[in-house]
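Me: I am new to this structure and would like to go through its aromatic contacts. Please give the reason behind each label.

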Amino acid sequence: MKRSKFKTIQSKILVTSFSVIFFLLSGCSDGFLDRQPLDQVVSTNFYQTEDDAMKALISVYDAVQYQSSPGISWAPFLTISDVLSDHSYAGGADANNGINEDQLNTFNILTTNVIVHSLWAKNYTGIYRANLLLEKIVDIDASEDFKKEIVAECKFFRAYFYFELVKLFENIPLLKETIKGPSQYIQTQNEVQEVYNLIASDLVEAIDVLPEETMGNNNGRVTKWSAAALLARAFLFYDGVYGGNLQAAEVVVDNMKALSYIEELIVSSGHNLIADYNVLFKLESEMGSESVFEIAHGDSPAWWDWGYLRGSEGNLAAQMQGPRVTGSDNWNRGWSFAPVTQKLVDAFGDDPRLNATVLMESELDGSLVKGYQHTGYFSKKYSSDAEHWGADGQFEHNRTANYRVIRYADVLLMAAELGSPNAQQYLDEVRSRVGLESITATKKNILKERELELALEGIRYFDLLRQGLAVATTELNAQSKIGPNYEGDDVIFQVTFNASTKGFLPIPQTEVDLSNGTFKQNAGY
C-alpha cells in the first residue's frame, strides 16, 4: 500500500551502532556498548559514500516513526499527549491493562512509569543518530551541497526530538555530540533556555538550507517550511511557559521573527487548506497541500514481530485508539485507549468538525467490547478504520495512517496568535472552510479555534500549559464531566491536575539512579 517515496525498504537496514537504545547514563561495564559487533558493517567503516549517508539519514527518519521502546513500553506521542489532555481518558481493556496510561491521565504518575521511560529513550535514540551523522558527514566523499542538506535534515530532527523531550520533561541533558566513552556517561541537566536555544539554532540553520517545497513534492522529506512551522510552535510554547525570546546564534527569535518565518510560509510555500475537512485524515490527503510536517507510516515490509514492535512501519496510535470491534467491515479490533471525553464533544456543539473528529458508538457496526473508561466516543482522525488496514502482516502492526504533526491550518492560527496584520483573514479562512461565520480574531477566540480545529492531534495539552497553570488546572480538572454513554463508576473519570509538577513528567527513575545523584527529580514527584 501507500508509502512515502523516501521511506523505502532501506529503512530496515540498521547498522549496529544505530540500533543501540541510547540510555544516556549507562554506567554498566558489560552492557550493549561493550559487545562485539553483530555485523561486518560498523560505524568505524560505514560512513564513506553518499549512499552510506543516505542510509544513515533514513535511520534518523526511522526514529521519528518510533512509538515504543523495546523492553519498556508502547508510547505513541500522539496518544499519550491526548491522554494527558482534557480531550481523552486513558482507556484500554480494563484498569490493569491501562494502568500506566491512567497514571498519566489522572496525574498520579510514578517515576517508574514505563511510558515515561519509553518517551525518554525514543527521543534520545533519535538525537544519538542525528548527532552521529552530523559528526560523520564531514569526512564522507560527497558534494558540499549534498552534505549541507543532510546536515540541515539532521538538525531539523535533532530540534524535533529535543522539543518533544523538553516540553515533556523540562529538565534534561543537552547533548550536541555523541558520547565518546565511559568518562562521559554521567551527564548533567541543562538550563531550559540552553535546550530551547539549540532547538532554535538548529531550525534557523535548517530553514536557510532546506528546499522550498511541500513535503509531497520533496519525496516525503522535510522542507524549509517544516522547519519554519516547528520553530514557531517551539517559540509559542517557550514564550507562554517561560516568557521570553530564543537566541539562535546571532538571530534573536522573538514574536516578530517567528511570525516572519511563517508569514513567508503562508505567502510562498504552496501550502493551502484542503477544501473538505472530512478527508483531511484519509489516504487521499497524505503528504497533501495541508501537510507542513507529516510522519509517514505504512505496511511495507509487512510486520509480524510482537517482540520488536519498533521494526513496524505502522501507526501504533491508530491501533491503540481504535474501538474494540469484531465482525465489522469498517473497523477491526482496536484497543480502545484514549476514549474521547464528553467535554470535547460538548465543546463542539453544532460545529461540523465534530463528525470528522469524533467517532460515535452509534456509528459502529459489528460487535463492540466496551473497555475501561468507556465514553461512547473514539478518535476518528487516527483509528482502526478499514481504509487504513494493512495489506499484509499482523494487523495491529500495520496501520497505514500517516501522522500529521503540523498542518497548514495550525500555521494560519499560529500566525494569527502571533499578531499578524492578517489575523482576521487567517482565522476566517480556517472557519470558512467548514462553513462557520466570522468571529473576531481575539486571542481567546484563536485559542478556542485551535482546540476544535486541532482536536485529537496531540496538541491540546501543550496549548493548555502555555496558557499558564491556572488555565491548565481549570481545564484539566473539568474533563471528568460524565456523559450519557459512560460505563463505570464516576470515580474512574475523576481527574485532578497536579499543578506542583507544572505539567511536566518525572525524569525516569532508571535515569536518576544511573546518574549517581547528578540528575535531580522534577518538582512534584
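Reply: The model is predicted. A search of the whole structure gives 29 aromatic pairs.

Me: What makes Trp-74 and Trp-335 a stacked pair?

Reply: Their ring centres are 5.0 Å apart and their planes differ by 10 degrees. Pairing requires centres within 6.5 Å, and stacking requires planes under 30 degrees apart, so the pair counts as stacked. The pair joins distant parts of the chain, 261 residues apart: Trp-74 is in strand β2, Trp-335 in the loop between β6 and α11.

Me: Why is Trp-74 called partly exposed, and why is Trp-335 called buried?

Reply: Trp-74 has a relative accessible area of 32%, which lies between the limits of 20% and 50%, so Trp-74 is partly exposed. Trp-335 has 12%, under 20%, and is therefore buried.

Me: Why are the rings of Phe-107 and Tyr-461 called stacked?

Reply: The centres lie 6.3 Å apart, within 6.5 Å, and the planes are at 20 degrees, under 30, so the pair is stacked. This pair also links distant parts of the chain, with Phe-107 in the loop between α4 and α5 and Tyr-461 in helix α16, 354 residues apart.

Me: How do you know that Phe-107 and Tyr-461 are buried?

Reply: Phe-107 has a relative accessible area of 6% and Tyr-461 has 1%. Buried means under 20%, so both residues qualify. Both belong to one aromatic cluster, whose members include Phe-163 and Phe-462.

Me: Over which rings does the charged end of Lys-167 sit?

Reply: The charged end of Lys-167 sits over the ring of Phe-163, 4.3 Å from its centre, and over that of Phe-462, 4.5 Å from its centre.

Note on methods: Residues numbered from 1 in each chain as written. Predicted model: local features only at pLDDT ≥ 70, side-chain atom pairs only at ≥ 80, totals over all residues. Heavy atoms only, no water. Phe/Tyr/Trp six-rings, centres within 6.5 Å; stacked < 30°, edge-to-face > 60°. Helix = DSSP H or I, 4+ residues; strand = E, 2+ residues; numbered from the N terminus. Buried < 20%, exposed > 50% of the residue type's maximum accessible area, 1.4 Å probe, protein only. Lys NZ or Arg CZ within 6 Å of the ring centre and 35° of its normal.
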